[in-house]
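Me: I have a structure open at the bench and would like to understand the words people use for it. Could you take me through the reasoning, one term at a time?

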Amino acid sequence: MSFEILGVVDLQHGLAVRARGGRRDKYAPIESVAGESIPPGDALALAHRYVDRLGVAELYVADLDAIERRAPQQAVGRTIASVGIPVWLDAGLTSSDDARQAMECGASRLIVGLETLSSFEVLESIVEAVGRERVVFSLDLRDGRPIATTPELAQQSPEDLAARAAAAGVSAMLMLDLARVGSGSGVDLELLARIRSRVSTVPLYVGGGVRSIGDVEQLRQVGCDGALVATALLDGRITKRDLDDRR
């Protein structure tokens, strides 16, 4: 079974930054990829290194400005999409209008994150507006607890939230624990397995904590379909050969 690894581009104030633990005020511009220098924070250079040097076949772009309700980085998003491989874009979508605008940036799939979602009715409206195949739900967590805009959503279990997203018609799901991003702490495999058990028919991806190709094998064993990876690619702990061997 193939396992997809998406290279992560976190955008903040127009720069590609290295994420650690979800502490966005501490993020710093990326300066190298697998030992090769790039201009600090150059998002296009990062995308090209992912594709040309590491053989990444898809990119995940998180527009942190849009997620935090600042002006979206649409021009940078379009530039990244020009690299020519599929781009998954999280631009803090809160409505079907937001989704249509995000599509204009050249994204192939749109992330609707729990962090900015007001209700599952909104998720259903986005699915209807842009098509099921375009929409991926991001189950945003911090240390296994939901990050949500409303108490009603924040008080639900991750498993229940995942089941509600699947019922809303999304084409895939992402379990993203911000506390584990760039931490080297690994993935919460027990929680991932519980979500896989509740949501058995929707492709399931994970973000935050993937340290090595050994972690990838563990994820595959619990039924995960792919992972978002930044630090392990940037530091050379997952290589082009690793990616080629798993296609």
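**From values to words**

Reply: Happy to. Asp 143 counts as exposed, because its relative accessibility is 52% and exposed means over 50%. Keep in mind that this is a predicted model.

Me: Where does Asp 143 sit, and what is its phi?

Reply: Asp 143 belongs to the loop between strand 9 (135–142) and strand 10 (145–146). Its phi is positive, about 55°, although Asp 143 is not a glycine.

Me: How do you know whether His 13 is buried or exposed?

Reply: By the same kind of step. The relative accessible area of His 13 is 58%, and the cut-off for exposed is over 50%, so His 13 is exposed. You will find His 13 in the loop between strand 1 (4–12) and strand 2 (15–18). Its phi is near 55°, again a positive value in a residue other than glycine.

Me: Why are helix 4 and helix 5 called oblique to each other?

Reply: Helix 4 (residues 96–103) and helix 5 (residues 120–130) pack at an angle of about 40°. Roughly parallel would need an angle under 35 degrees, and roughly perpendicular would need 65 to 115. The angle falls in neither class, nor is it over 145, so the two helices are oblique. Their axes are 8 Å apart, and helix 4 passes helix 5 in a right-handed crossing.

Me: Which residues make that contact?

Reply: From helix 4 come Ser 96, Ala 99, Arg 100 and Met 103, and from helix 5 come Ser 125, Ile 126, Ala 129 and Val 130. They divide into 5 nonpolar, 2 polar and 1 charged.

Me: How many aromatic pairs are there in the whole structure?

Reply: The search finds 2 aromatic pairs. In one of them, the ring centres of Trp 88 and Tyr 205 are 4.9 Å apart and the planes stand at 75°. Centres within 6.5 Å make a pair, and planes over 60 degrees apart count as edge-to-face, so this pair is edge-to-face. The pair links distant parts of the chain, with Trp 88 in strand 7 (residues 87–90) and Tyr 205 in strand 12 (residues 204–207), 117 residues apart.

Me: What makes Trp 88 and Tyr 205 buried?

Reply: Buried means under 20% relative accessible area. Trp 88 is at 0% and Tyr 205 at 3%, so Trp 88 counts as buried and so does Tyr 205.

Me: Why is the pair of Phe 120 and Phe 137 called tilted?

Reply: The planes of Phe 120 and Phe 137 are at 45°, with the ring centres 5.9 Å apart. Stacked would need under 30 degrees and edge-to-face over 60, so the pair is tilted. Phe 120 is in helix 5 and Phe 137 in strand 9, 17 residues apart. Both are buried.

Me: How do you know whether Ile 238 is buried or exposed?

Reply: Its relative accessibility is 0%, and buried is under 20%, so Ile 238 counts as buried. Ile 238 lies in the loop between helix 10 (231–234) and helix 11 (240–245). Beyond its neighbours within four places in sequence, its contacts include Ile 5, Leu 54, Val 210 and Leu 243.

Me: What makes Asp 245 exposed?

Reply: Asp 245, found in helix 11, has 52% relative accessibility, and exposed is over 50%, so Asp 245 counts as exposed. The C-alpha atoms of Asp 245 and Ser 2 are separated by 9.2 Å, with these positions 243 residues apart along the chain.

Technical notes: Residues are numbered from 1 along each chain as its sequence is written. This is a predicted model: local features need pLDDT of at least 70, side-chain atom pairs count only at pLDDT 80 or more; totals for chains, interfaces and linings use all residues. Side-chain values use heavy atoms; hydrogens and water are left out. Axes are lines fitted to C-alpha atoms, for helices over the stretch in contact, and angles run from 0 to 180 degrees between N-to-C directions. Helices (H or I, at least four residues) and strands (E, at least two) are DSSP runs, numbered from the N terminus. A crossing is left-handed if the near helix is turned anticlockwise from the far one by less than a right angle, and right-handed if clockwise. Contact means heavy atoms within 4.5 Å. Ala, Val, Leu, Ile, Met, Phe, Trp, Tyr, Cys and Pro count as nonpolar, Asp, Glu, Lys and Arg as charged, and the others, Gly among them, as polar. Buried means under 20% relative accessible area, exposed over 50%, partly exposed in between (1.4 Å probe, protein chains only). Rings of Phe, Tyr and Trp (its six-membered ring) pair if their centres lie within 6.5 Å; planes under 30 degrees apart count as stacked, over 60 as edge-to-face and the rest as tilted.
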